[in-house]
Amino acid sequence: MLRRHSPEQREHLKESALNNGDNKPTPGHWLLAKLGKKVLRPGGLALTQRLLRAATPSSTDRVVEFGPGVGTTAKILLAGQPRSYTGIDPHPEGSEAVHAIISGLDFAQLVIADAQNTGLDAGCADLVVGEAMLTMQGEKAKRAIIAEAFRLLAPGGRYAIHELGLRPDDVPDAVEEEIRRALSRTINVNARPLTAAQWKTLLEEEGFIIRYEDTNPMALLEPGRIIADEGLAGALRFFSNVARNPRARERLLAMRKVFRAHHEHLCAFAFVAVKPHEA
């Protein structure tokens, strides 16, 4: 049974979903989270699961996750009982959910810090995971975050990423710029997706060796993907929240329109890159 909201709750949902505390438009990923969406990855839960299998997390790993968000990937990583888990996030929006997930686990912590400068010791991790966060950075910040992952990893450590992508590798510059502008207008984040070749070049220029590459369609707001990612009950809760919030629904439809208009060139990529033993 779907839970009914009072008029006051519905009004609060409208405002909190559409705006930050400073009345600025909420970035698209947090709009989705506030409406109850748990999986906020461009390639969906299926690509995340394949990525993590390829990254081979184990009970001896010291795991660092950049941008855990509402904790969906953290749950998967923690289920493997790693030696330690550290979530790094500069934003407090999802910290309540992540704190609830790690509560009672003496090997897990959440650190409020920027992925470009975590403050953690060099060589303190065996696996670094980052999803749907490099896309939102410019080239300089992308490189700084990748370099920080390299610094944190012990030799032989793995860096697993899942990001928004462009295809094919020779996508025209004009199309690339058009997509970036359209995404920035609709999701209120300066999204800068890259082609597979561009993502690999960034990783390799910071010292990594690519060990695994995968892709999935970008179908974040398609009903079938929402059901696959959230489960039937979770999808129904999300659809119900959207239906009760016409202004949020308008924003989501605008986002989906952009995704559909550029479906030929938008996708999701996943990579596992390794820090060489001699580094």
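## The largest pocket

Helix H2 is the top contributor to the lining of the largest pocket, putting in 4 residues. This is a predicted model, so keep that in mind as you look around. The pocket itself holds about 830 Å³ of space, and 40 residues line it. Look for the ones nearest its centre and you'll find His29, Ala132, Met133, Met136 and Val189.

Which elements give two or more residues to the lining? Those are helix H2 (28-34), strand S5 (153-166), helix H7 (173-187) and helix H10 (246-261). As for chemistry, the lining splits into 23 nonpolar, 11 polar and 6 charged residues.

## Ala132, a pocket residue with an odd backbone

Ala132 turned up above as one of the residues nearest the pocket centre, and its backbone is worth a look too. Its phi is positive, about 55°, even though Ala132 is not a glycine. You'll find Ala132 in the loop between S4 and H6. Is Ala132 buried or exposed? Its relative accessibility is 15%, so Ala132 counts as buried, the cut-off for that label being under 20%.

## Helix H8 and its buried side

Helix H8 runs over residues 196-205, and its buried residues are Ala196, Trp199, Leu202 and Leu203. These four cover an arc of only 130° around the axis, so they sit on the same side of H8. The general idea is simple: an α-helix has 3.6 residues a turn, so residues three or four places apart point the same way.

What covers that buried set? The list includes helix H6 (139-152), S5, strand S6 (194-195), strand S7 (209-217) and strand S8 (266-274). So S5 has two roles here, because it helps to cover the buried residues of H8 and also gives two or more residues to the lining of the largest pocket. After H8 comes Gly207, with a positive phi near 105°.

## Salt bridges

The structure has 15 salt bridges. The background is familiar: side chains of opposite charge can pair when their charged atoms come close. One of these pairs joins Asp126 to Arg62, with 3.0 Å between the closest N and O atoms. That pair links distant parts of the chain, since Asp126 is in strand S4 (residues 125-131) and Arg62 is in strand S1 (residues 62-66), 64 residues apart. Asp126 counts as buried because its relative accessibility is 16%.

Helix H7 carries two pairs of its own. Arg180 and Glu176 meet through their side chains at 2.7 Å, N to O. Because they are 4 residues apart in H7, about one helical turn separates them. Both Arg180 and Glu176 are buried. In the other pair, Glu177 bridges to Arg181, with the closest N and O atoms 3.2 Å apart. Glu177 and Arg181 are also 4 residues apart in H7, about one turn of the helix. Where Arg180 and Glu176 are buried, Glu177 is partly exposed at 36% relative accessible area, and Arg181 counts as exposed at 51%. There is also a salt-bridge network, made up of Glu139, Arg143, Glu205 and Glu206.

## Backbone spots in the loops

Where is the cis peptide bond between Arg167 and Pro168? Pro168 lies in the loop between S5 and H7. The omega of that bond, from Arg167 to Pro168, is near -5°.

Gln81 is another non-glycine residue with a positive phi, this one about 50°. Look for Gln81 in the loop between helix H4 (72-79) and strand S2 (84-88). With a relative accessible area of 47%, Gln81 is partly exposed, whereas Ala132 is buried.

## Thr56 and its contacts

Thr56 is in the loop between helix H3 (44-55) and S1. Which residues does Thr56 touch, leaving out those up to four places away in sequence? Those contacts are Asp61 and Arg158. Thr56 and Leu127 are 71 residues apart along the chain, and their C-alpha atoms are separated by 9.0 Å.

Notes:
Residues are numbered from 1 along each chain as its sequence is written. This is a predicted model: local features need pLDDT of at least 70, side-chain atom pairs count only at pLDDT 80 or more; totals for chains, interfaces and linings use all residues. Side-chain values use heavy atoms; hydrogens and water are left out. On a 1 Å grid over the protein atoms alone, a cavity is a set of points where a 1.4 Å probe fits but cannot get out, and a pocket is an open set with protein on both sides within 12 Å along at least five of seven lines; lining residues have an atom within 4 Å of a point. Grid points are joined across faces, edges and corners, and a volume is the space filled by probe spheres set on the points. Ala, Val, Leu, Ile, Met, Phe, Trp, Tyr, Cys and Pro count as nonpolar, Asp, Glu, Lys and Arg as charged, and the others, Gly among them, as polar. Buried means under 20% relative accessible area, exposed over 50%, partly exposed in between (1.4 Å probe, protein chains only). The arc is that of the directions from the helix axis to the C-beta atoms. Contact means heavy atoms within 4.5 Å. A salt bridge is a side-chain nitrogen of Lys or Arg within 4 Å of a carboxyl oxygen of Asp or Glu.
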